[in-house]
Amino acid sequence: MLDGDEREWSEEDAEQFIEDFKLLNARPASILQVGGCRPTHRPLASHIGLIPVMRSDEAWPSDLHGRPMQFIAQLNLTEAPYLPAELEQDALLTLFVAEDCIQRGFAPGTWEVRTYQTLSGLEPVEVPMQPWHWMRGFECQWQLITDYPVYDDSQLVLPEGYSLEDDLPEELHGLNVRRSKIGGFASSIQHEVEFVPAVNTADGWQRGENPPFVFQIESEEKARLMWADNGTLYVGKRTGTDEWFASCQFY
């Protein structure tokens, strides 16, 4: 095939390519289904925008101005069908953000993840007035799926003999599952998700050492949760540490 020519795919060749791609890249993920189920009203249920649980000695997180952060999600990890290594020791996770978290690039003090290694001692708390008090709360259910990377994910592996410069089958674009999820691959919108920005050095721009992607929370219209323009919040964590990182992309 000459340079600049488009590869002509037969139906059989395209199917074989996709099958090989899936074998090389498949990764499990736990999808968070928001609403659509009869609520159980269990305090420890996974949910978006309802009332989170905490320990009795904990205070509601505040932003840099001392204002209560907005509660976003409570994830009961003991009920999730799949957990990445970074969450295997945890039983429950809660997520809070400040009103200006996106503008400040999710700097410390503009968001908070809390994890609990046991469900014991966790109780619902009184909710203060929050910036985004118009959110609607929904219980969530888990679903196990198989996920695949987007084009710009550096962890993507192509079958031997192919590169991203090739005219690859269109079906490849739809394999990544763009949903609120734990595990799997980040569903980037603008470019590969980066938790640590590149640094300009004497030798040029050096890419930061990014921690593993752990979970993402999509804009959930049903819950009136919107990250800027229909965006996605991505959360990563350095394995074996308590270092959390967050990033957001939108249209």
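Buried means under 20% relative accessible area, exposed means over 50%, and partly exposed lies in between, with a 1.4 Å probe and protein chains only. The structure is a predicted model, in which local features need pLDDT of at least 70 and side-chain atom pairs count only at pLDDT 80 or more, while totals for chains, interfaces and linings use all residues. Residues are numbered from 1 along each chain as its sequence is written, and side-chain values use heavy atoms, with hydrogens and water left out.

**Exercise 1. Salt bridges**

Task: State how many salt bridges a search of the whole structure finds, and describe the pairs formed by Arg55, by Arg67 and by Asp100.

Solution.

Step 1. A salt bridge is a side-chain nitrogen of Lys or Arg within 4 Å of a carboxyl oxygen of Asp or Glu. The search of the whole structure gives nine salt bridges.

Step 2. Arg55 pairs with Glu58, with an N to O distance of 4.0 Å. Arg55 is classed as partly exposed because its relative accessibility is 38%.

Step 3. Arg67 pairs with Asp63, and the closest N and O atoms are 2.9 Å apart. The two partners are then classified in turn: Arg67 is partly exposed at 36% relative accessibility, whereas Asp63 is buried at 9%.

Step 4. Asp100 pairs with Arg104, and here the closest N and O atoms are 2.6 Å apart. Asp100 has a relative accessibility of 16% and therefore counts as buried; Arg104 has a relative accessible area of 40% and is partly exposed.

Step 5. Some salt bridges share partners, and these join Arg55, Asp57, Glu58, Glu112 and Arg114 into one network.

**Exercise 2. Helix H1 and a charged patch**

Task: Where is Glu19 found, and to which surface patch does Glu19 belong? Then classify Ile18 as buried or exposed.

Solution.

Step 1. Helices (H or I, at least four residues) and strands (E, at least two) are DSSP runs, numbered from the N terminus. Glu19 is found in helix H1, which covers residues 11-25.

Step 2. With a relative accessible area of 46%, Glu19 is partly exposed.

Step 3. Patches are made of residues with over 30% relative accessible area and no salt bridge; like charges are joined within 9 Å, and nonpolar side chains (Val, Leu, Ile, Met, Phe, Trp, Tyr) within 5 Å. Glu19 belongs to a surface patch of negative charge, together with Glu11, Glu12, Asp13, Glu15, Asp167, Glu170 and Glu171.

Step 4. Ile18 is also placed in helix H1. The relative accessible area of Ile18 is 11%, so Ile18 is buried.

Step 5. Ile18 and Glu171 are 153 residues apart in sequence, and their C-alpha atoms are 7.6 Å apart in space.

**Exercise 3. The loop between E5 and E6**

Task: Which backbone atom lies 2.6 Å from a polar side-chain atom of Thr110, and what is the phi value of Phe106?

Solution.

Step 1. Thr110 is placed in the loop between strand E5 (92-97) and strand E6 (111-116). Its relative accessible area is 0%, so Thr110 is buried.

Step 2. A polar contact is a pair of N or O atoms within 3.5 Å; within protein, one must be able to donate a hydrogen and the other to accept it, and residues adjacent in sequence count only if both atoms are side-chain atoms. The atom sought is the backbone oxygen of Ala107, at 2.6 Å from a polar atom of the Thr110 side chain.

Step 3. Phe106 lies in the loop between E5 and E6 as well. Phe106 is not a glycine, yet its phi is positive, near 55°. At 7% relative accessibility, Phe106 counts as buried.

**Exercise 4. Distance along the chain and in space**

Task: For Glu160 with Phe21, and for Ile217 with His65, give the separation in sequence and the distance between the C-alpha atoms.

Solution.

Step 1. Glu160 is found in the loop between strand E8 (138-147) and strand E9 (181-183), and is exposed at 80% relative accessible area.

Step 2. Glu160 and Phe21 are 139 residues apart along the chain, and their C-alpha atoms are separated by 9.8 Å.

Step 3. Ile217 is placed in strand E12, and is buried at 2% relative accessible area.

Step 4. Ile217 and His65 are 152 residues apart along the chain, with 25 Å between their C-alpha atoms.

Technical notes. Accessible areas come from the Shrake-Rupley method with a 1.4 Å probe; for residues, only the protein chains shown count as cover. Lys and Arg count as positive and Asp and Glu as negative; His and the chain ends are not counted. The place of a charge is taken as NZ of Lys, CZ of Arg, CG of Asp or CD of Glu.
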